[in-house]
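Here is a report on selected backbone and packing features of a multichain model. The structure comes first, then the text.

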Amino acid sequence: MYPAPIEAYFAPRTIDEALHCRAEAGDDSSFIAGGMSLMQAMKARLATPPALIDLNEVEELRGLAKGPRGVTVRPMTRYRELAVTTALHGAMQAIGDAAATVGDRQVRNAGTIGGSLCWNYVASCMPNVCLCLDATLVLVSLDDGERTVPIDEFLIGPLETARRDDELLVEINFPAPKYRGVASAYRKYGGTIDSLPIIGIAALIEVDEAGVCTDVRFSVGGILPTAQRFDGIGDVLRGRPGTPEVFAEAASAAAEAIETQTDHLASAHYRKVLIRTLGRDVLAEAHARATGG
Amino acid sequence: MEKTITVTVNGTAYTRTVPLRLLLVDFIRDDCGLTGTHIGCTYEGRCGACTVQIGGRAHKSCMKLAVQADGKEVTTIEGLGSRDNLNRLQQAFSRYHALQCGFCTSGILMNAAEFLKENINPSEAEVRRALVGNLCRCTGYSHIVEAILAASAVRHGVKPVPPPAGTEPDR
Amino acid sequence: MTAIGETGWIGRSLERREDARLLTGRGEYLADVRVPDCLHLCFVRSDHAHAKIGEIRLAAALEMPGVVGAITGAELSTEMQGQKIPVLIPAFAANYRQYWPLAVDEVYWHGEPLAAIVADDKYAAEDAAAAAEVDYEPLPVVTDPEAALRDGAPRVYDDWDNNEIFATSYTGGFDPDQIAKNDAEVEALFAKADVVLKQRFHTQRCGVCPIETRGALAIWSEADGLTVHLTTQRPHIERLALADLLELSTAEVRVIAPRDQGGGFGVKAPFYREHVVVCHLARKLGRPVRWVETREEHLMTVSQERDQIHDLEIAANKEGRILALRNRGIGDVGDGRQGVYWGFVMPSLGSVMLPNAYDIGHADIKLRCAVTNKTCLSPSRSFGALPTRFALERGLDMLARRLGMETAALKRKNLVTEFPFTSVTGVHHDSGDYVRAWDALLERFDFAGFRAWQNEARTSGRYIGIGFACGAEFSGIPSDVLVPLENQPGYGVVTMRIDPRGKVAIFEGDAPQGQSHETTMAQVAADAFGIHPDDVSVRHGDTGTTPLSSGTIGARGASYTVAAIAEAASALKAKMARYMIHDHGLEGASADDFSFRDGAIIYEKDDNVRRDFAALADRIVMGSINVPPGEDPGLEHTAYFEAPKPMICFTAQAAKVEVDIETGQFTILDYATCEDVGTVINPIVVEGQVQGGVVQGMSNAMFEEFLYDEYGQQLTADFENYRLASAADVPTVTVGHSPTPCPDHPMGVRAVGEGRPGPVPGALANAICDALAPFGVEITTLPLKPEMILALIEAGRAGNGG
């Protein structure tokens, strides 16, 4: 119920300060972002960091910026901000869909996209959405400076990412869509409203002027070892019109292809049912957005 | 392992030397003696009974360390409206019988008060979604939803006011 | 606001007098009580579901900063007697097993407390508990109650012959020959029935965990003995049990249930072992000791109820009239070691309540309860009856479908219509008009037009259904039932005192947890005396100041305690009238000639003869000269109310749902009830009780399930895994009324607190099955997980040839 004793606490104001604090705090120390997951783990004593480097005062890690090459979301941007911004509408709208349904108001006021990515819990939304949207992550450390990691290399397994403990996630970059007819969407099912996803689906669709799908990305969260993209869906969708039947066929192909697990929340079979039905609906929604419908 | 912090709670600055691991909710309850903020979870932060406002935003104070609130403005239920001068939301809660045992009520009020600032004319569905982070076991929620709807600015014919100083800006 | 002195308080949705403090954070809950020099206690709990306890190493824990002491079960068992004491044992024949507050030698469920550590601060106490090391020698684990009852099954208690803690028949009397004769008669009715429905129903382990967990703060003083602040619904029973266990004089034990408690719903009714440890250590160490339960402890230890299997058979004629019932119930009571209820009293009452509001002439109802390596069942609102409500309400729907009848018509046809009525299990139904309430509900739901709408919706691929259920529920339980059931009295009692300023104080030995006693009881007294409710105070929960009562359980407040208030007020009014007769020389006048209104007592035959209420109180209490012959001075009276038989209230409930046949997910489109709660004291409070109870039923039915794995490990010890419904998961529940006054209550009230969750799972499941009738879906288990519903749809499709 209470965290184990903490020896040191740092509240840096800049990225540079944060990295130096990390160096001072030592190997077992931990960065803390919104804290929605780490605090649970600390209170359950599953995580016992002797020192914390709190990122909540680092202004440079907050906000989002739109540029010609895409959108940069800083990791300490909170769900609430992502849920209400119109800057992501269209190609990056899945982020807003997900952010608006993470946890609850209080969680959205505190939780951050970067924290979620670095935690990479199985039943989470942001890793899945970022996988679908082909994010590129920028990590920095005192030892190695800056490095860039594509999202599919970043997400490794349950509570496991390519981030080294001394590295700080500083940017999440989403590529600009090739042209206007691109949109994404996200939905999940967790049993109770807005709860952790048993299955979450993110999809991004590109269409031509006639509404025919030219490309698609589709990813599934809530499965082991981590969120997974199903690129085979492009074979079903490319060159075809966006009809309910086509989306159903595509989502069924995904459900068939993706391996799911059984646990006390749902069976492997039911997870496939959810991939099929949510997948179809998410594709339809993304398509509707892409075609301005 | 300790740090001296100053947290302004309901306008009063509390300077205390606290263990680094002290939860904000325990700081509020034990160090400030403000016991209107309640605890209903172990570690999961799900029930919402500990909800307070930090910088004008609703947060679960069991999911924060006290040191993280150093230098911040915190508002608890005790700062919402006094016994002799209940605010509009508190009055509506009484009128609509939106509380029974009252244990979850502080957290609901602190969340709903912020919600009603950002949504001055919510629908029933929006109110219900806004309450996901606050579990209530007594009321079945219907009266709570009615009370929040009744307290909304538009229902009251009140012009929305800009958020007070100290509210964290949206970005 | 109403002017002071205005009368007619009963029947008004008065704003609650509790609210001002609760809305401003000034409630006084257990964790808010502060005393200096207080120690904090943390339990060390078993990691295993069934194991021999080896060495418990506490040395490291004891050396940690701030740690003051520790105790193990072995040590504790030499310092106090076991918890199998008469005040905690009902009158039923059952296997009551001796136990101590901390496990001795063996643990029987995952989470059982086996040691306790106290420290200066709660963080330090938890640190120390985490440092405790325990050796275990695992033993076979019993988790399936049905398997547990088979011959040769592994035993939870190796010195028992088997795992059966309790078994009985509820029909045919107590004599084995009579029971056999009854069973044969029932069998004969089954043999000649037009239709027999036979079905197994299972309700999962779930309950109504309050948002405030349990806790205790014990203070020992050489002068006064033990004072303990305790989350409890029945402080007086706790006091007796604590005194007996700790071998203290009852004069040395004072239990104080905090003025505010964060919900109880039955969970705070049993006598819990943790409390004893807190009290014992406070005495032993001579310092206050405090324990506030964590949510994890709560979900592993208490709030687990329901968990029954029913093999139900219904015999009926082709007109849909029920001829006979047969039921074989199995209760999974967990370890069966928990004072007063021992895990089996809930399923036992569930079997008693099985026939519900239906006129069923013949039945053969039997129950067996098994111990398993799980925590003991503790009561949850609807006390044992939710599973049997679900079984019967579902069974009747299945029967109706088999007969090609509307379920609403079949149920209406079988409702009790002649009162008083005694059910085949002996439940007394005092009065009512169940059919009128039923019809009112159908009208509210526009049932007449529903089928056409449903059919039209189906043609466009929408599956909408309607489901009904009802409940004839106890409004309190009289001594006649409660003494044998729980070894305690059922009467209502209050002490009422009027002071010289005309303020009325009510002292009740109950301990409400959100039921609005301070408001509704003040309304009743204010009405009686013609004064304002603000001039009435209600004090409860402190055994030092209140009369002995069995506590806030089973909807006793408005039925028994309120009745006692009415009687106390009558007695005091009569006394005040006698003083008026004496003072004003009104020879030949009687108490009936006076009315109490507008803050005055008025002689009806000459309204110039009147006294201000407070002035008369002052004259009687303070002006004790010229006392009427034979009268005492003072205005204080303790009144007892006893009902001859249980009083009953009625609820009819209906749900309208839409099911997505691709996923099995469903939405509740509408939910309404029609209530017969007799005279309503405060309508909005009653509405709140009903809505809250119904949503508890929804949450139980849809989401909640305590899960144990094959090793007896608990998988659902937090609110992420044990899911409660949030506001977004449930609809607004509308509450209608069809009142008939209760003849056994002085004001006609039928208290409403207990039974409302019970009918909900049946109503919801019936609505889902109605929506999915084209697939022949019949739900027989809870919770109503979409995956389970989808599997039934898929099975139905396969059965229909795809």
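C:Asn487 counts as partly exposed, because 18 C-beta neighbours lie inside 10 Å and burial would take 20 or more. This is a predicted model. The phi of C:Asn487 is near 60 degrees, a positive value in a residue other than glycine. C:Asn487 sits in the loop between α15 (479–486) and β19 (492–498) of chain C.

C:Ser303 also has a positive phi, near 70 degrees, and is not a glycine. Its loop runs between α9 (295–301) and β13 (305–316) of chain C. C:Ser303 is buried, because 26 other C-beta atoms lie within 10 Å and 20 or more are enough. Most residues other than glycine have a negative phi, and most peptide bonds are trans.

Two cis peptide bonds come next. One joins A:Leu224 and A:Pro225, with omega about 0 degrees. A:Pro225 is in the loop between β13 (213–221) and β14 (228–229) of chain A. Another joins C:Leu782 and C:Pro783, again with omega about 0 degrees. C:Pro783 belongs to the loop between α20 (760–771) and α21 (786–799) of chain C.

The backbone values can be set side by side.

| Residue or bond | Angle | Value |
|---|---|---|
| C:Ser303 | phi | near 70 degrees |
| C:Asn487 | phi | near 60 degrees |
| C:Gly461 | phi | about 80 degrees |
| A:Leu224–A:Pro225 | omega | about 0 degrees |
| C:Leu782–C:Pro783 | omega | about 0 degrees |

C:Gly461 comes just after helix α14 of chain C. How far apart are the end C-alpha atoms of α14 (residues 447–459) of chain C? They are 19 Å apart, which agrees with the 18 Å expected for 13 residues at 1.5 Å a residue, because the expected span counts one residue less than the helix holds. α14(C) is hardly covered: zero of its 13 residues are buried.

Now the nonpolar core. The largest one has 426 residues. A:Ala203, C:Ile117, C:Ala525, C:Ile565 and C:Ile768 touch the most other members. Helix α17 (residues 556–584) of chain C gives the most to this core, with 15 residues. In soluble globular proteins, nonpolar side chains tend to be buried together. Residues up to four places away in sequence aside, C:Ile768 touches C:Gly465, C:Val657, C:Val659, C:Phe666, C:Ile779, C:Leu784 and C:Ile789.

Chains A and C also meet directly. The contact involves 14 residues of chain A and 16 residues of chain C. On the chain A side, seven residues are nonpolar, five polar and two charged.

Chain A is assigned domain 1 (8–54), domain 2 (64–175) and domain 3 (182–290). The C-alpha centres of domain 1 and domain 2 of chain A are 18 Å apart. Their contact takes 12 residues from domain 1 and 19 residues from domain 2 of chain A. On the domain 1 side, helix α1 (residues 15–25) of chain A gives the most, with five residues. That side divides into seven nonpolar, three polar and two charged residues.

Chain B is assigned domain 1 (2–79) and domain 2 (88–151). Their C-alpha centres lie 21 Å apart. Domain 1 of chain B brings 15 residues to the contact, and domain 2 of chain B brings 11 residues. Which elements give two or more residues to the domain 1 side? They are β3 (51–54) and β4 (57–60) of chain B. β3(B) gives the most, with three residues. By class, this side of domain 1 of chain B has six nonpolar, seven polar and two charged residues.

Definitions and conventions: Residues are numbered from 1 along each chain as its sequence is written. Chains are lettered from A and ligands numbered from 1 in the order in which they are written. Two residues are in contact if their C-beta atoms, placed from the backbone, lie within 7 Å. Ala, Val, Leu, Ile, Met, Phe, Trp, Tyr, Cys and Pro count as nonpolar, Asp, Glu, Lys and Arg as charged, and the others, Gly among them, as polar. Domain bounds come from an automatic or database domain assignment. Helices (H or I, at least four residues) and strands (E, at least two) are DSSP runs, numbered from the N terminus. A nonpolar core is a set of buried Ala, Val, Leu, Ile, Met, Phe, Trp, Tyr and Cys residues joined through C-beta atoms within 7 Å. A residue is buried if 20 or more other C-beta atoms lie within 10 Å of its own, exposed if 12 or fewer, and partly exposed in between; C-beta atoms are placed from the backbone.
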